[in-house]
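Me: Could you take a close look at one helix for me, and walk me through how it packs against its partner and what lies around that spot?

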Amino acid sequence: MVFQWFHSTAYMMDDEVGSLVEKLKPQFVTKWLKTVCDVRFDVMVMCLLPKPMEFARVGGYWDKSCSTVTQLKEGLNRILCLIPYNVISQSVWECIMPEWLEAIRTEVPDNQLKEFREVLRWVSSWMESL
């Protein structure tokens, strides 16, 4: 649910409340998530997979009836919202991205692949910067 919160608040207005929420992320939440990753790396990875365990399917698109393609797009966008806060370490990235790419390859019909172009372009540029 914390990952969903990052995703939901990424699109807040740039006002007093939005500014306050953005200050909370690096000050408290990001540190906590990094600790979770250090202590329970496996749980962090499980929650970021395209098809996570049932306990990780909370909030956002998991609470709606939507297509697998929509779930994949929303899940990738959620991950992209975490990247600016350095929540996704190289080791987490190396565990989750093969799963994501395989899910896109096998679950997304050819006629809908174009919907992933922009997200994958951003992912590719981020990987080059590592």
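Reply: In this predicted model, α3 passes α5 in a right-handed crossing. The two axes come within 10 Å and cross at roughly 35°; α3 covers residues 41–48, and α5 runs over residues 90–107.

Now for who touches whom. On the α3 side you've got F41, M44, V45 and L48, and they meet S91, V92, C95, I96 and W100 of α5. Sort those contact residues by type and you get eight nonpolar, one polar and no charged.

Next, look at α3 by itself. M44, V45, C47 and L48 are buried. Looking down the axis of α3, these buried residues fall within an arc of 165°, so they line one face of the helix. The general background is handy here: an α-helix has 3.6 residues a turn, so residues three or four places apart point the same way.

Zoom out a little and you'll meet some of these residues again in the largest nonpolar core, which has 31 residues. The members touching the most other members are F3, L48, I79, I88, V92 and I96. As for elements, α2 (16–39), α3, α4 (68–82), α5 and α6 (117–128) are the ones that give two or more residues to this core. The largest share, seven residues, comes from α5.

I96 is a good place to finish. Setting aside neighbours within four places in sequence, I96 is in contact with V45, L48, L49 and I79. V45 and L48 belong to the α3 side of the helix pair, while L48 and I79 are, along with I96 itself, among the core members that touch the most others.

Definitions and conventions
Residues are numbered from 1 along each chain as its sequence is written. This is a predicted model: local features need pLDDT of at least 70, side-chain atom pairs count only at pLDDT 80 or more; totals for chains, interfaces and linings use all residues. Side-chain values use heavy atoms; hydrogens and water are left out. Buried means under 20% relative accessible area, exposed over 50%, partly exposed in between (1.4 Å probe, protein chains only). Helices (H or I, at least four residues) and strands (E, at least two) are DSSP runs, numbered from the N terminus. The arc is that of the directions from the helix axis to the C-beta atoms. Axes are lines fitted to C-alpha atoms, for helices over the stretch in contact, and angles run from 0 to 180 degrees between N-to-C directions. A crossing is left-handed if the near helix is turned anticlockwise from the far one by less than a right angle, and right-handed if clockwise. Contact means heavy atoms within 4.5 Å. Ala, Val, Leu, Ile, Met, Phe, Trp, Tyr, Cys and Pro count as nonpolar, Asp, Glu, Lys and Arg as charged, and the others, Gly among them, as polar. A nonpolar core is a set of buried Ala, Val, Leu, Ile, Met, Phe, Trp, Tyr and Cys residues joined through side-chain atoms within 4.5 Å.
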